[in-house]
Amino acid sequence: MTTKAVLFHEIGGPEVLTVEEIALPAPAPGEVRVRVEAVGVNRAEALFRSGGYYYAPTLPGSRLGYEAAGVVEEVGAGVEGYAPGDPVLAAANFDFGVHGVYAERVVLPQEYLVRRPTGVDAVAGAAAWLAYSTAYGGMVEAGGLGPGDHVVITGASSGVGTAAIQTALRVGAIPIAATRGPDKRAALLALGAPHVIATDETDLVEETRRITGGRGADLVFDPVGGPGFARLGGALRPEGTAVLYGWLDPRPAELPMQWPLTVRGYANGALVRTPEGRARVAAFLGAGLRDGSLAPVIGAVFDGLASLPEAHRLMESNSHTGKIVVRV
Ligand SMILES: NC(=O)c1ccc[n+]([C@@H]2O[C@H](COP(=O)([O-])OP(=O)(O)OC[C@H]3O[C@@H](n4cnc5c(N)ncnc54)[C@H](OP(=O)(O)O)[C@@H]3O)[C@@H](O)[C@H]2O)c1
C-alpha cells in the first residue's frame with residue numbers, strides 16, 4: 001500500500017515541504033493504521049523544518065507533523081483498544097521526523113493514539129490534543145495552578161496560549177494574557193481573558209503588579225524565553241513559579257533573579273508518554289469539551305496536504321490567533 005505524505009529533504013523555508021507518494025507497511029503487532037482527516041499545525045514543526053528544534057531531522061526524506069485527527073482503518077496483532085472505524089487523535093509523543101502525521105494515512109504504535117471524544121469533528125480534534133495537554137500539564141500539573149491564582153500567559157494568542165486561557169478559566173484561575181501588538185487584544189478578551197496586556201504598549205511587569213494589587217502573579221507560563229525571561233520574575237509573587245515551555249526567542253534564556261521563586265522547564269512528552277498522563281489529559285480535555293469550557297480556537301483552516309507550506313507561512317507571520325488546521 002502507498003500513501004501521500006509530506007516530506008522534506010533539506011532544512012529551509014516552507015517551500016521545502018513536498019507531497020510525495022511513499023510506501024505504507026501493514027500495521028505490525030501493536031500498531032494501528034489511521035486514515036488522517038485533518039492535521040493541526042504546530043510551531044514545533046516550523047522549527048523542525050527550519051533547523052531550530054531541539055532535535056534534528058534525518059535528511060533526506062524527513063517526515064513531519066505531531067498532531068492529527070483520523071479514523072482507524074486496520075489494527076495489527078495484539079491491539080485491543082482500537083477497532084476499524086474508531087475516531088482517534090494522534091497523541092503527539094513521538095519523533096515526528098519518523099512518524100510524522102502530515103499524510104493521508106499513517107501507521108502508528110497504539111500508545112501514540114488516544115480516542116477522539118464523542119462529537120468532536122476532525123478540525124476541532126486536530127486542534128485539541130497538543131494545545132490543551134501542554135496548557136493543562138504545564139500550568140496545572142507542573143505549575144500547580146489552582147482556583148483564585150493569577151497566571152501570566154505570554155504568547156497568549158498562540159495555539160497553546162489560547163488553550164491556556166480556557167484552561168486557566170476552567171480551573172478557576174485568573175488569566176492575564178499577553179500579546180505583543182494591540183491587534184489581537186479583542187480576540188483574547190472575547191475568549192474570556194479578564195486582562196489582556198499588549199506588551200509593545202504596556203509594561204507587562206508593572207501592569208501585572210497593578211492587576212494583582214502589588215502582590216504579583218502566582219504563575220508565569222511562557223513559550224518565549226530568551227533574555228526577556230529574566231524580567232518575567234518581576235511579575236511573580238515571592239515563591240511564585242515560572243514555567244518555560246518554548247523558545248520563540250532563539251537566544252539563550254536568562255534566569256529571573258527575583259528569588260525566592262521556582263523555574264520549571266516543561267516538556268509535554270514527559271506527561272503524555274505515560275498511560276496515566278494520557279488518561280489525566282484525556283479526562284480533563286474530555287470534560288472541558290463536553291461542557292464547552294474548552295473549545296479549540298481555530299485561526300485558519302486550509303485544504304489538502306499541498307497547502308502545508310502556506311499554513312507554515314501563516315504561522316511564521318505570527319498574524320494568526322489560535323490553531324492552524326489543514327484538512328487532508
Ligand atoms: N514544551 C512543550 O512541551 C511544548 C508543547 C507545545 C508547544 N510548545 C512550544 O510552544 C510555543 C508555541 O507553540 P504554538 O504552536 O502554540 O505557537 P503559535 O501558534 O505559532 O503562536 C506563537 C505566537 O507567539 C507569539 N510570538 C512569536 N514569536 C515571538 C517572540 N519572539 N517573542 C514573543 N512572542 C512571540 C506570537 O503572538 P503575538 O504576535 O500575539 O505576540 C505568535 O502568534 C512554541 O515555542 C512551541 O515549540 C512547547
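Guide: Helices (H or I, at least four residues) and strands (E, at least two) are DSSP runs, numbered from the N terminus. This is a predicted model, in which local features need pLDDT of at least 70 and side-chain atom pairs count only at pLDDT 80 or more, while totals for chains, interfaces and linings use all residues. Residues are numbered from 1 along each chain as its sequence is written.

Visitor: Okay, let's start with the ligand. Which helices each supply at least two residues of the shell around it?

Guide: The shell has 24 residues, and near here means a C-beta atom, placed from the backbone, within 6 Å of the molecule. Arg43, Ser158, Gly159, Gly246 and Asn268 come nearest. The helices that each put in at least two residues are H1 (43-49), H4 (129-142) and H5 (159-170).

Visitor: And which domains does the shell draw at least three residues from?

Guide: The bounds come from an automatic or database domain assignment, and the chain is divided into 2-128 + 296-327 on one side and 131-268 on the other. Each of those parts gives the ligand shell at least three residues, which makes the answer domain 1 and domain 2.

Visitor: How many residues does each domain bring to the contact between them?

Guide: The C-alpha centres of domain 1 and domain 2 lie 28 Å apart. Residues are in contact if their C-beta atoms, placed from the backbone, lie within 7 Å. Counted that way, domain 1 and domain 2 each bring nine residues.

Visitor: Back to H4. How many of its residues are buried?

Guide: A residue is buried if 20 or more other C-beta atoms lie within 10 Å of its own, exposed if 12 or fewer, and partly exposed in between, with C-beta atoms placed from the backbone. The buried residues of H4 include Trp129, Tyr132, Tyr136 and Met139. Glycine 144, with a positive phi near 65 degrees, follows the helix. H4 is mostly covered, and of its 14 residues the buried ones number 12.

Visitor: Now the strands. Which strand does S3 join through eight bridges?

Guide: Two strands pair if DSSP finds at least two bridges between them. S3 (residues 31-41) runs antiparallel to S15, with four bridges, and antiparallel to S6 (residues 105-109), with five. In S6, valine 107 stands opposite arginine 33, while valine 34 faces valine 72 in S4. The eight antiparallel bridges from S3 go to S4 (residues 67-75).

Visitor: Is S3 mostly covered or mostly exposed?

Guide: Nine of the 11 residues in S3 are buried. S15 (residues 323-327), one of its pairing partners, has four of its five residues buried. For S3 the verdict is mostly covered.

Visitor: Which residue in S15 is the bridge partner of alanine 300?

Guide: S14 (residues 298-303) and S15 run parallel, joined by five bridges. S15 also takes a bridge from valine 41, and the partner there is isoleucine 324. Alanine 300 is bridged to that residue too: isoleucine 324.

Visitor: Where are the cis peptide bonds? Which residue pairs with proline 60 in one?

Guide: Tryptophan 259 and proline 260 are joined by a cis bond with omega about 5 degrees, and proline 260 belongs to the loop between S12 (236-244) and S13 (262-265). Proline 60 is in the loop between H1 and S4. The cis bond there has an omega of about 0 degrees, and the partner of proline 60 is leucine 59.

Visitor: What is the phi of alanine 92?

Guide: Most residues other than glycine have a negative phi. Alanine 92 sits in the loop between S5 (87-90) and H2 (96-99), and counts as buried because 24 C-beta neighbours lie inside 10 Å. Its phi is positive, about 50 degrees.

Visitor: Asparagine 318 next. Is it buried, exposed or partly exposed?

Guide: Asparagine 318 lies in the loop between H11 and S15, and its phi is positive, near 60 degrees. It has 16 other C-beta atoms within 10 Å, so asparagine 318 is partly exposed.

Visitor: Last one: how far is phenylalanine 229 from alanine 253, C-alpha to C-alpha?

Guide: Phenylalanine 229 is in H8 (residues 229-232), and it is buried because 23 other C-beta atoms lie within 10 Å. Beyond its neighbours within four places in sequence, its contacts include Asp222, Leu244, Ala253 and Pro256. Phenylalanine 229 and alanine 253 are 24 residues apart in sequence, and in space the separation is 6.0 Å.

Notes. Contact = placed C-beta atoms within 7 Å.
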